[in-house]
Amino acid sequence: MVRSYILLLFCVCCWGSNFVFGSILVNEFPPILLSAIRLSATSLFLIGYGWSFKKLGHLTRRDFLLLIPLGFVGTLINQAAFFTGLETIDATTASLILSLAPITVAVLAAVFLKETITRKMVIGSVIAMVGIFFVVGKSGGIKPSIGMLYIVLAMISFAISIIIMRKLTERIDPLTATVYSTLIGSGMVIPVALIKEPITHVSSHPWAWVLLFVTAILMQGLCGLIWNVQLKRIGAGKASVFLNLQPFVAMVVGFLLMGTPVTIVQIVGSMLIVGGVVLATGLKKGKPEESGKPVTATGILQKVPKVNG
């Protein structure tokens, strides 16, 4: 269980930094076209991985009843809303809104997956949310904007996609679910991007393209695989608690890459976030691994279809 938490922490650190990298990339590419290019790179990575290890399972018509909505909500809606929102609001504010996802997921998981919301999860989530407001707190407050509405839409679509993915992985293995949902989502995003945004309006800077492809493979491809495997192992509600760490990561990366000032109040808020996540997930030193086997990132990815939760 502890190793699962470490892998989830790795994913959230990558996704938290994605707010900053995304803010940089939307200045170089139109938002929906950016999503289409990233998803194309992610799809090629996932297909290559699945083909190399011959791990892709077979699908039935019933599987597509979940895969198509997952591709539409979790990829087309989520990615388009996320990058469009980042055009008008800063990375930290976006991370705050996205950090409402754990509470949203917990409620949806209780309703649709019959998962239990424990007292520790509630208390830990509340503490982490208090910390989030410290981290993004500004003397001028947070002003509502159309960009915020897009990020709220991205948050809701992300929460819904977690529930659909958790349901889907009860039927098929996480690798197959991740590959096909990404492919379907890409097939939906690419036509929209080509119609709505001219392909000529792209960056001429080589570093922007490198950043785009690296973030696509690492944050959407590799982290997507790891997250979906761990989602099946420990449940949607508990996994989503880690998303509370995203504002803290966004704050640190923003400071290191863009020189965004960090205040004492924000440091206190960061400590509350970490403490809330520890409490909500029930992390304890020396707690034995549930499976009784050591788990590594490489091992998990190589044995994706054999994961049984």
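## A tour from salt bridges to cavity

Start with glutamate 170, which counts as partly exposed at 49% relative accessibility (partly exposed lies between buried, under 20% relative accessible area, and exposed, over 50%, with a 1.4 Å probe and protein chains only). Before moving on: this is a predicted model, where local features need pLDDT of at least 70 and side-chain atom pairs count only at pLDDT 80 or more, while totals for chains, interfaces and linings use all residues. Residues are numbered from 1 along each chain as its sequence is written, and side-chain values use heavy atoms, with hydrogens and water left out.

**Stop 1: the salt bridges.** Now add lysine 167, whose side chain meets that of glutamate 170 in a salt bridge (3.8 Å, N to O); the term asks for a side-chain nitrogen of Lys or Arg within 4 Å of a carboxyl oxygen of Asp or Glu. Lysine 167 is partly exposed too, at 37%. The whole structure has two salt bridges. For the other, select aspartate 63 and arginine 171, at 2.8 Å, N to O. Aspartate 63 sits in helix 3 and arginine 171 in the loop between helix 7 and helix 8, 108 residues apart (helices are DSSP runs of H or I, at least four residues, numbered from the N terminus). Aspartate 63 is buried at 2% relative accessible area, whereas arginine 171 is partly exposed at 35%.

**Stop 2: the cavity.** How many cavities of 30 Å³ or more does a search of the whole structure find? Just one, and the largest cavity holds about 650 Å³ of space. Here a cavity is a set of points on a 1 Å grid, over the protein atoms alone, where a 1.4 Å probe fits but cannot get out; lining residues have an atom within 4 Å of a point. Of its 27 lining residues, select Trp15, Gly74, Asn78, Gln79 and Phe158, the closest to the centre. Helices 1, 2, 3, 7, 8 and 9 each give two or more residues to the lining.

**Stop 3: serine 17.** In helix 1, pick serine 17, buried at 7%. Its C-alpha is 9.5 Å from that of phenylalanine 248, 231 residues apart along the chain.

**Stop 4: the outside.** Finish on helix 5 (101-113) and helix 6 (119-135), which each give two or more residues to a nonpolar patch. This surface patch covers about 830 Å², with Ile103, Phe112 and Phe134 among its members. Patch residues have over 30% relative accessible area and no salt bridge, with nonpolar side chains joined within 5 Å. Valine 107 lies in helix 5 and is partly exposed at 46%; valine 126, in helix 6, is partly exposed at 49%.

How values were computed:
Patches are made of residues with over 30% relative accessible area and no salt bridge: like charges are joined within 9 Å, nonpolar side chains (Val, Leu, Ile, Met, Phe, Trp, Tyr) within 5 Å. Accessible areas come from the Shrake-Rupley method with a 1.4 Å probe; for residues, only the protein chains shown count as cover. On a 1 Å grid over the protein atoms alone, a cavity is a set of points where a 1.4 Å probe fits but cannot get out, and a pocket is an open set with protein on both sides within 12 Å along at least five of seven lines; lining residues have an atom within 4 Å of a point. Grid points are joined across faces, edges and corners, and a volume is the space filled by probe spheres set on the points.
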